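Here are a few notes to read with the structure open beside you. Take the points one at a time and find each residue as you go.

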Number of protein chains: 2
Amino acid sequence: MLKLYGYWRSSAAYRVRIALNLKGLAYEQVPVHLVKDGGQQHAAEYRALNPQGLLPLLVDEEGGGVRIAQSLAIIEYLEEIFPLPALLPADPAERAQVRALALHIACDVHPLNNLRVLQYLSSELGVDDKAKNAWYRHWVELGLAAVEEGLVAFDGRLSLGSRPGYLEACLIPQLYNARRFACDLAAYPRILDLAARCESLEAFSLAAPEAQPDAQ
Amino acid sequence: MLKLYGYWRSSAAYRVRIALNLKGLAYEQVPVHLVKDGGQQHAAEYRALNPQGLLPLLVDEEGGGVRIAQSLAIIEYLEEIFPLPALLPADPAERAQVRALALHIACDVHPLNNLRVLQYLSSELGVDDKAKNAWYRHWVELGLAAVEEGLVAFDGRLSLGSRPGYLEACLIPQLYNARRFACDLAAYPRILDLAARCESLEAFSLAAPEAQPDAQ
């Protein structure tokens, strides 16, 4: 059994839920509340499982109980252990293009807007809500503009031609966050088109934050 | 020929230089100055190659001129195209542990302390140098503490047993940055031990910032 420690609104956990669904893998969810009790991800019990103190964490009980932190490490592991259906193209150059866009989201957009960073801006640097929202939108807009340009090469196709995969598993949660913070998305028609095609699929709708057992 | 667009002090470019050296691959360097001319990575000429406007970028001229952004996407590509010597362990669970630690550095430490973020803190949020340095050290120390704990499982070995690879290619540049910003590293004896074993190797010493043609 695969066990996913996550939180309904954690966009990194959302990526892994999509990947698991795209591969048709059953999994059990263990909610870790990012705010309650001062953040359950900081509790000794969770940190004993994942010293990074972040979500998500995958435990593969059939795989000797291996515990894997970091959403992209989890998705690469799933791709290696359960290769079909593939989430990455077969060609190394195409795989690299997908990973480069996914990593741009995972490294250069999302971590800057993660809850712990927004908390630091407020509590340690005294940044007010208006400036914090401007910070949020600044990094989202820079990142989505680069992804929009990267999608030109896909020429209207999804990252696996007619199927979504690794790239879409990273992009759709980022888009969810962008909408939540009222970012203006009019400049990203390729992203919006790709999102519309994914969001109608069950692998995505069942992974959406509001569809999770711990959604509030 | 492999062509690497980088900057001597870009820690993401430093990762790729280590990976290329570990694989014994020849490459040509194209320096992109991150400060001069308002940041040459923002210039139209460079953005035409890499719309993300970040370093590094690898161009594989033998591979049809494919251009790959994002250091970890580049390293995964090199691993697929030039599999030997491997930079990742063969076992999927071990690969996942390496990727999870490398991604923790690449996602949750480095991007928060990247030049463009430090510039935003100063210019947009009016953060003074003292608070900016505290920010820097906060994320480095949180991240290195988690990596230190992750290294317990390696039991004194390098990530490929007697050889360094993907993990060390990410960790050594982060340690370079931590030293540059005078972070206290006494709490990370496993990281320091691993670094001492890597830094004596030519693949690492030749990749060091000060050894690059554009070093100042």
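The points below go from the interface between the chains to the contacts inside each chain.

1. First, a reminder: this is a predicted model. Keep that in mind for every number that comes up here.

2. Start with how the two chains meet. On chain A, 43 residues are in contact with 43 residues of chain B. Together the two chains bury about 3800 Å² between them, and 67% of that is on carbon and sulfur atoms. Look for Glu80(A), Arg116(A) and Tyr120(A): this trio supplies 15% of the area that chain A buries against chain B, more than any other three residues.

3. Now zoom in on one helix pair across the interface. Helix H6 of chain A (residues 129-150) and helix H5 of chain B (residues 115-123) have axes that come within 12 Å and cross at roughly 150°. An angle over 145 degrees counts as roughly antiparallel, so that is the label for H6(A) and H5(B). Their crossing is right-handed.

4. Who does the touching in that pair? From H6(A) come Ala134(A), Trp135(A), His138(A), Trp139(A) and Leu142(A), while H5(B) brings Arg116(B), Val117(B), Tyr120(B) and Leu121(B). Sorted by class, the contact of H6(A) with H5(B) has seven nonpolar residues, one polar and one charged.

5. Next, the charged pairs. How many salt bridges are there between chain A and chain B? The count is four, and a search of the whole structure finds 18 over all chains. Glu80(B) forms a salt bridge with Arg99(A), with the closest N and O atoms 3.1 Å apart.

6. Arg99(A) deserves a second look. It also forms a salt bridge with Glu76(A), where the closest N and O atoms are 2.7 Å apart. Glu76(A) sits in helix H3 (residues 71-81) of chain A and Arg99(A) in helix H4 (residues 92-109) of chain A, so this pair ties together parts that are 23 residues apart in sequence.

7. Finally, stay inside chain B. Helix H4 (residues 92-109) and helix H6 (residues 129-150) of chain B pack at about 175°, their axes 10 Å apart. That makes H4(B) roughly antiparallel to H6(B). On the H4(B) side you will find Leu101(B), His104(B), Ile105(B) and Val109(B), and the residues they meet in H6(B) include Trp139(B), Leu142(B) and Ala146(B). By class, this contact of H4(B) with H6(B) has eight nonpolar, three polar and no charged residues.

Terms used. Residues are numbered from 1 along each chain as its sequence is written. Chains are lettered from A and ligands numbered from 1 in the order in which they are written. This is a predicted model: local features need pLDDT of at least 70, side-chain atom pairs count only at pLDDT 80 or more; totals for chains, interfaces and linings use all residues. Side-chain values use heavy atoms; hydrogens and water are left out. Axes are lines fitted to C-alpha atoms, for helices over the stretch in contact, and angles run from 0 to 180 degrees between N-to-C directions. Helices (H or I, at least four residues) and strands (E, at least two) are DSSP runs, numbered from the N terminus. Angles under 35 degrees count as roughly parallel, over 145 as roughly antiparallel, 65 to 115 as roughly perpendicular and the rest as oblique. A crossing is left-handed if the near helix is turned anticlockwise from the far one by less than a right angle, and right-handed if clockwise. Contact means heavy atoms within 4.5 Å. Ala, Val, Leu, Ile, Met, Phe, Trp, Tyr, Cys and Pro count as nonpolar, Asp, Glu, Lys and Arg as charged, and the others, Gly among them, as polar. Buried area is the accessible area (1.4 Å probe) that two parts lose on being put together, summed over both. A salt bridge is a side-chain nitrogen of Lys or Arg within 4 Å of a carboxyl oxygen of Asp or Glu.
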